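Work through these exercises with the structure open beside you. Try each task before you read its solution.

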Amino acid sequence: MALVTLVLLQIFVVAAGAHLITSGALVKGESERVAPAPPPVPVITAGPVLAAGGNGPLPAKGTLAGRLTEALGDPALGGSVGAAVIDVETGAVLFGSHEVKGITPASTTKVVTSVASLASLGPDTRLSTRVVRGSSPGSIILVGGGDPTLASPRTAASQVYPRPASLATLASRTARALKAAGTSKVTVAYDDSLYVGPRTAASWKPGYVPEGSVAPVTALMVDEGRVSSGGQRTSDPSRAAHGAFVSLLSKYGITVSKSARRSAAPAGAQEIARVESAPVYALVERALTLSDNDLSEALARHVAIKEGEPASFDGGARAVGKVLARLDAGKGVLVFDGSGLSPRNRITPEALARLVAVATSPANPGLNPIVSGMPVAGFSGTLGHRFDKTRSAYGLVRAKTGTLDGVNTLAGMTTTRAGRLVTFAFMADDVPPGWGKAEAALDRLAAAVAAS
């Protein structure tokens with residue numbers, strides 16, 4: 001039986017081999033042939049987000065000039081108007097009208113401050129608020145590190161970007177450290193000596209602080225010096241921050257004697273606790289999106305410190321000038337503060353548009369938060385309510401706004417209809433009365449660039 005089975009198995013193997021040979025499945029010297037793969041199915045994807053990989057053809061100069069020249073003649077802009085449009089890739093001026101005339105920039109000054117902050121401080125730097133031991137037993141000092149976004153419990157829970165450092169967290173950490181050292185009663189002084197000089201610029205309107213446009217510039221403040229959700233500002237942010245900190249310490253079980261004196265921290269004083277702000281790149285985004293005056297002034301002073309200048313209005317202006325000179329972007333820029341509230345500031349449209357181009361360039365990735373921080377037409381920040389008459393530019397235009405009495409400006413970037421990345425600055429500082437008319441005229445100019 002076994003013999004019969006073996007014979008039948010051999011016959012089967014021989015027959016199967018003959019079939020494979022005759023069918024061509026096995027060829028001498030080759031392994032088993034694999035069936036050919038089916039032809040590849042073509043994968044169809046969307047084209048590049050920007051035409052020609054983000055660098056489409058230049059707009060026709062004649063068409064661009066015609067559209068912008070007509071729009072610049074809008075009487076809502078008044079008699080002192082300048083404009084510049086620059087190609088980011090080549091740096092060429094595609095359009096200019098009084099482009100080298102110094103014009104009051106208003107809050108587009110924040111572009112200057114933001115670029116200088118990123119270039120000097122670096123995008124990842126954080127601002128610290130600390131508590132250190134004083135020179136006598138049982139004394140501590142709250143040391144301001146120039147972070148105006150430090151938040152009280154009243155505002156810390158708000159959904160604001162970037163998430164700020166918390167004064168309550170600082171108080172909690174301080175109380176925990178004191179208790180661990182066997183201390184339950186302290187005196188608390190405060191040190192805001194990081195900044196020097198006047199707390200308000202001589203050229204600012206006296207009403208800026210009372211109306212809530214800005215707080216006196218100090219190195220220690222909480223909620224940007226606001227005393228209510230309505231925006232009213234305290235006349236002494238440092239003292240107000242100290243009071244809020246003392247109140248929180250008491251809630252965390254530390255008895256504080258009634259003291260509110262200003263005192264410089266001893267050199268090398270032992271640190272008890274600290275909290276840190278969001279990184280500079282996020283602070284810049286906030287300053288641009290919200291047109292944050294307090295934060296912009298703080299950033300200018302930190303640039304001054306980094307560049308070896310006094311942390312004052314004058315020192316900040318000199319330091320910003322140094323940084324822009326290193327970027328080869330200082331020509332045509334003259335500033336006296338960091339926020340743009342000063343009517344003495346002068347920037348040419350070409351300088352402002354070129355500075356945006358420097359920040360937009362792939363060669364300067366550390367400056368790219370300028371792009372992400374710019375308000376977007378019809379969607380965010382100070383442009384969220386604008387461009388309703390030119391909705392074709394929604395989402396295409398990113399720009400910083402500027403407004404003072406008689407001044408309206410707009411500086412930013414867009415892609416043209418063919419996908420060319422360009423920057424622009426449109427500036428007017430002799431604007432006649434008529435709320436919103438000049439803004440609408442500037443929006444039409446930016447929309448014309450996007451449509452070119």
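**Exercise 1. Which residues are linked with Arg130 in a network of salt bridges?**

Start with the term: a salt bridge is a side-chain nitrogen of Lys or Arg within 4 Å of a carboxyl oxygen of Asp or Glu. Arg130 shares its network with Glu271, Arg274 and Glu276. Searching the whole structure gives 22 salt bridges.

Know your source. This is a predicted model, where local features need pLDDT of at least 70, side-chain atom pairs count only at pLDDT 80 or more, and totals for chains, interfaces and linings use all residues. Residues are numbered from 1 along each chain as its sequence is written, and side-chain values use heavy atoms, leaving out hydrogens and water.

**Exercise 2. Find the salt-bridge partner of Arg420, then decide: is Arg420 buried or exposed?**

Step 1. Arg420 pairs with Asp87; their closest N and O atoms are 2.8 Å apart.

Step 2. Locate both. Arg420 sits in the loop between β11 and β12, Asp87 in strand β1, 333 residues apart. (Helices, H or I with at least four residues, and strands, E with at least two, are DSSP runs numbered from the N terminus.)

Step 3. Apply the cut-offs: buried means under 20% relative accessible area, exposed over 50%, partly exposed in between (1.4 Å probe, protein chains only). Arg420 has 7% relative accessibility, so Arg420 is buried. Asp87 has 0%, so Asp87 is buried too.

**Exercise 3. At what angle do the axes of α10 and α11 cross?**

Step 1. Axes are lines fitted to C-alpha atoms, for helices over the stretch in contact; angles run from 0 to 180 degrees between N-to-C directions. The axes of α10 and α11 cross at roughly 70° and come within 8 Å.

Step 2. Classify. Angles under 35 degrees are roughly parallel, over 145 roughly antiparallel, 65 to 115 roughly perpendicular, and the rest oblique. Therefore α10 is roughly perpendicular to α11.

Step 3. List the contact (heavy atoms within 4.5 Å). Among its residues are Ala300 and Val303 of α10, and Phe313 and Val320 of α11.

**Exercise 4. Which element gives the most to the largest nonpolar core?**

Step 1. A nonpolar core is a set of buried Ala, Val, Leu, Ile, Met, Phe, Trp, Tyr and Cys residues joined through side-chain atoms within 4.5 Å. The largest one has 45 residues.

Step 2. Elements giving two or more residues include β1, α4 and α12. α12 gives the most, with 8 residues.

Step 3. Check Val111. Beyond its neighbours within four places in sequence, Val111 is in contact with residues including Leu352, Leu355 and Val356.
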